[in-house]
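This report addresses the arrangement of strands and helices in the model shown below. Please consult the structure while reading each section.

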Amino acid sequence: MRLRNVIMSLGALAAVCAVAAPIKKNVIDEVAWIVGDEPIFRSEIEEQYLQSRQENISFGGDPYCVIPEKLAVEKLYLHQAKLDTITAPEAQVAAGVDKRINYFIANLGSKEKVEEYFRKPLPALREQLMDFMRNNYIIEQVQRNLTKDVKATPKDIRKYFSGLSVDSIPYVPMQVETQIIEINPRIPDQEVEDVKARLRDYADRVNRGEAEFSTLAIMYSEDGSAMQGGELGFHGRADWVPEFSQVAFNLNDPKRVSRIVETEYGYHIIQLIEKRGEQINVRHILLTPKVSSKDLADGVVKLDSMRKEIVAGKFTFEDAAKYYSQDKNTRNNKGVMMNQSNGSTRFEMQDLPPEVAKKVELMQPGDISDAFIMKDRSKNRDVIAIVKLTARIPGHKATLSEDFNMIKEMYENHVREKIITAWIENKIKDTYTKIAEGWDACDFKYKGWNKNAR
């Protein structure tokens, strides 16, 4: 269990608290719990429960015990955050919400289908997600402060592993190690000029007072910030790629639009909203030139030719990655793909980009795939790739020799959870809590809640 899963915040409950228990009669604003001077209303609990049922995800335990306890623990964390003056960076929260909503749209097909699925308009959904992600960030910061001194020595890890029962030793699914070479297909000059012409038109319309920048961003921008009218929130100079920051930080007139800016993500125009010390808030519109089918096909042919030369031994995959790959994340690492979730070179199949997983599934170690088209999801564009399967590690019971880093993480999370559990139970002792009659007949996860009951 990762640290962030030790306690789930308000919004996360909507995705995990679902059981087949009957819904009790709803009484609006009945106080179920009091934590300090903060009430937990029955209507909050019912809303969490109803939302979770839509997700059709079940869990062990009575939701009318689990949900209010999690809400109560969240209040303990948020109270501690106030004492420690911990706040969430609004720009980072907004960016996370944009990413989440874009994910919903991509998977459900349209904004309208997202609204239908969640039974609320996008602005209301966004506000709910903002609250969830803001609280989630704050809670994680409190947890990190509590557990920042956790360190594991090899001796600690060996002792922990030797003390695990056979049933507690995890099974590690089959994993693979891969290398990749990516090239960006040529974009026709005319396509670039068309994108620039559109951006110049938008800028002229704003500068003449014929249109609002935010409206045009909502309608045309291809960035996740489009739904916020292109607004990015307050950022420092180092938060953006240099080309974007250089232009953005030189803006002075909020009524004027910048020149066109080219970055690795495409082409932008920018409007200043406000400067605040060393930070600024801007809007932008992003357009990305599209690759034609012919240029994609030409890129596949080019990379297939390179593959044949590697297979023929004219040069190695590693050298080809170093000199020809245009993927900055792997080019200087001999093409080795890194698992961003755990920092290792090993991937379970579901953690690979789907196009890569489809190729690797049928390969043997040492094989190099034919060239294929894949989506660079960070930049929302198509690229051409070949992939080499370096190793396939069969599924197995975890061992210290094969899975040391995973066992180290298990040990550290075990220690963190003990620290957090002790902190919560001490916090409960020092905090006034009252549970209304009918809500207290529970086997709670944490001790001490019932000290003031009735």
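## The four-stranded sheet

In this predicted model, four strands form an open sheet in the order β5-β8-β7-β6, and their pairing is antiparallel. The edges are occupied by β5 (231-235) and β6 (261-263); each has a single partner strand, so one side of each is left without a neighbour in the sheet. On average, neighbouring strands of this sheet are turned by 40 degrees against each other, direction ignored.

Strands of a sheet pair through backbone hydrogen bonds, in either a parallel or an antiparallel manner. Strand β7 (residues 266-276) and strand β8 (residues 279-287) run antiparallel and are joined by nine bridges. Glutamate 274 is positioned opposite asparagine 281 in β8.

## A helix across the sheet

Helix α9, comprising residues 213-220, lies across β7 and β8. The direction of α9 is at about 45 degrees to β8.

## Packing of α3 and α6

Two packed helices are described by the angle between their axes together with the distance between those axes. For helix α3 (residues 63-83) and helix α6 (residues 122-147), the axes come within 9 Å and cross at roughly 75 degrees. The helix α3 is therefore roughly perpendicular to α6, as angles of 65 to 115 degrees are classed in this way.

Helix α3 contributes Glu74, Tyr77, Leu78, Gln80 and Ala81 to the contact, while α6 contributes Asn135, Ile138, Ile139, Val142, Gln143 and Leu146. Classified by residue type, the contact of α3 with α6 contains seven nonpolar, three polar and one charged residues.

Terms used. Residues numbered from 1 in each chain as written. Predicted model: local features only at pLDDT ≥ 70, side-chain atom pairs only at ≥ 80, totals over all residues. Heavy atoms only, no water. Pairing = 2+ DSSP bridges. Helix = DSSP H or I, 4+ residues; strand = E, 2+ residues; numbered from the N terminus. Axes fitted to C-alpha atoms, helices over the stretch in contact; angles between N-to-C directions. Contact = heavy atoms within 4.5 Å. Parallel < 35°, antiparallel > 145°, perpendicular 65-115°, else oblique. Nonpolar A, V, L, I, M, F, W, Y, C, P; charged D, E, K, R; others polar.
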